[in-house]
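I opened the notebook to go through one protein structure, part by part. The entries below are in the order in which I looked things up.

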Amino acid sequence: MKKIICLVFALILAAPVFGCCSSDTYSFYVPDGAPLLTVTKLMSEKRLKIGGKRVKMELVTGASISNSVKGKQPDIAIAPINVCAQGEGTYVFAGTAVTGLSYIAARDYKGSGDGITLSNLIGADSDGKEDILYAFQKNGTPGITLRALLEEKNITYKELGSLSDYQAGVVNIMYLNSPADVRNAMCLGLEGGPKIKYGLMTEPVITAVLANSSYKVSRVFDIQKEWSKEFETESYPQAGVIVRKSIADSDPEFVSALYTALQNSVKWAKDYPALAGDKAKDEIGSNELPSAEIIKAFIEGTGKDIITFKKSADCKKEVNDYLKIVSGSNPALVGKTVKGDVPAESFYL
């Protein structure tokens, strides 16, 4: 009996020792899609260690990352910039991982030059069959940047709940669930019906669509280029990296090693785009990225500027400027209640 009691007592004393192992493992959530390409090298490594700490990386859907951050689940995450801001208090901002990658595409476009202007999307078709702009992620970066540009240009828009809500004289926006839905609606048809004319697309999906000439789709409007012109900045940050504040405060050596690992991973993807594509699709199992061949073409093309990592110290101004624009329209999207409010200086590492 004494032996049993001693054994139980020993296990109780040992429990905290065994439990503390979890503090040596950090979770890192990565949304599927372009952000994955910034960390493909890291995700393909077996039993990844950064700064002496085990890092367990998990690929999640783009639609779920917001709730994961709100639920304070990951220790580290890549998330849309406004979602990063919503995590202020629990997380600190480590840097940008992806820059703007949105475009408007048109089917059977017969124009020339630089394509269309946003004013060209103002509804003139009484039954709304032709000039509705189909988009996605209403409260994510694609939807936010689209609305910000329309508002800056004083172009009235209407977000439709159904086709019957169509209104002439304004830009009509209909949101679908995902970039894949917009692609399919343009290339194959909307829910078995006719193909749409205008769609908001992001990289590398649009690269995949343009590679198939049978789709007869053209890139007709560059959201990033227009953003630069209207807001006098290079582009806008699409997604960023956040780290749990308690980790950043207690383990600065890990943060420094994380910076190096992210920079090396981005460089590797640009140096070996074919291998990055193979690993993202075949090894990691991305469902949202196109084929490895298209990934290679994207990284070698527009992806050279889109796939990046910039430390918070080097991108704080552009992030803050972007968040001010978003907050000026809808402060709740950046976790605030007053228009124009943005995260405090302490949010940035």
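These entries cover the overall form, the sheet, the empty spaces and the salt bridges.

**Entry 1: the whole protein**

I noted at the start that this is a predicted model. I looked up the secondary structure and found 14 helices and 13 strands. I then looked up the extent of the C-alpha trace, which spans about 85 × 45 × 40 Å along its principal axes. The radius of gyration is 22 Å, and a compact globule of 349 residues would have one near 20 Å, so the two agree. I also looked up burial: 50% of the 349 residues count as buried.

**Entry 2: the sheet**

In what order do the strands of the open sheet lie? I read the order as E2-E3-E1-E4-E12-E5-E13, which makes seven strands with mixed pairing. Strand E2 (49–50) and strand E13 (307–311) are the edge strands, and each of them pairs on one side only.

I picked one pair inside the sheet to follow up. Strand E1 covers residues 25–31 and strand E3 covers residues 53–60; they run parallel, and seven bridges join them. As an example, I looked up Thr25 and found that its bridge partner in E3 is Arg54.

**Entry 3: the largest pocket**

Before turning to the spaces, I wrote down the idea behind the search. Rolling a probe the size of a water molecule over the atoms shows where empty space is left.

The largest pocket holds about 800 Å³ of space. It is lined by 39 residues, and those closest to its centre are Gly62, Ala63, Phe136, Gln137 and Pro179. I listed the elements that give two or more residues to this lining: helix H3 (65–70), helix H4 (81–86), helix H5 (141–152), helix H6 (179–187), strand E4 (76–80) and strand E12 (237–244). Strands E4 and E12 were already in my notes as members of the open sheet.

Which element gives the most to the lining of the largest pocket? I found that H3 does, with four residues. I sorted the lining by class and got 18 nonpolar, 15 polar and six charged residues.

While on H3, I looked up Lys70, which is found in that helix. Lys70 has 54% relative accessibility and the cut-off for exposed is over 50%, so Lys70 counts as exposed. Its C-alpha atom is separated by 9.4 Å from that of Thr90, which is 20 residues away along the chain.

**Entry 4: the largest cavity**

I searched the whole structure for cavities of 30 Å³ or more and found one. The largest cavity holds about 70 Å³ of space. Its lining consists of Ile144, Arg147, Ala148, Glu151, Ile325, Val326, Ser329, Asn330 and Leu333. H5 and H14 each supply at least two of these residues, and H5 gives the most, with four. By class, the lining of the cavity divides into five nonpolar, two polar and two charged residues. Helix H5 also appears among the elements in my entry on the largest pocket.

**Entry 5: salt bridges**

How many salt bridges does the structure hold? I counted 18, and I looked at three of them.

The first joins Lys336 and Glu88, with the closest N and O atoms 2.9 Å apart. Lys336 lies in the segment after helix H14 (312–329), and Glu88 lies in the loop between H4 and strand E5 (91–99), so the pair ties together parts that are 248 residues apart in sequence. Glu88 is partly exposed, at 28% relative accessibility.

The second joins Glu226 and Lys229, with 3.6 Å between the closest N and O atoms. Both residues lie in helix H8 (residues 223–231), three residues apart, which is about one turn of the helix. Is each partner buried or exposed? Glu226 counts as buried at 11% relative accessibility, because the cut-off for buried is under 20%. Lys229, at 56%, counts as exposed.

The third joins Glu318 and Lys310, whose closest N and O atoms are 3.0 Å apart. Glu318 is partly exposed at 23%, and Lys310 is partly exposed at 25%.

Last, I looked up shared partners. Lys153, Glu226, Lys229 and Glu230 are joined into one network by salt bridges that share partners.

Methods
Residues numbered from 1 in each chain as written. Predicted model: local features only at pLDDT ≥ 70, side-chain atom pairs only at ≥ 80, totals over all residues. Heavy atoms only, no water. Pairing = 2+ DSSP bridges. 1 Å grid on protein atoms, 1.4 Å probe; cavity = no way out; pocket = protein on both sides within 12 Å on 5 of 7 lines; lining within 4 Å. Points joined across faces, edges and corners; volume = space filled by probe spheres on them. Nonpolar A, V, L, I, M, F, W, Y, C, P; charged D, E, K, R; others polar. Salt bridge = Lys/Arg side-chain N within 4 Å of Asp/Glu carboxyl O. Buried < 20%, exposed > 50% of the residue type's maximum accessible area, 1.4 Å probe, protein only. Rg over C-alpha atoms; globule rule 2.2 N^0.38 Å.
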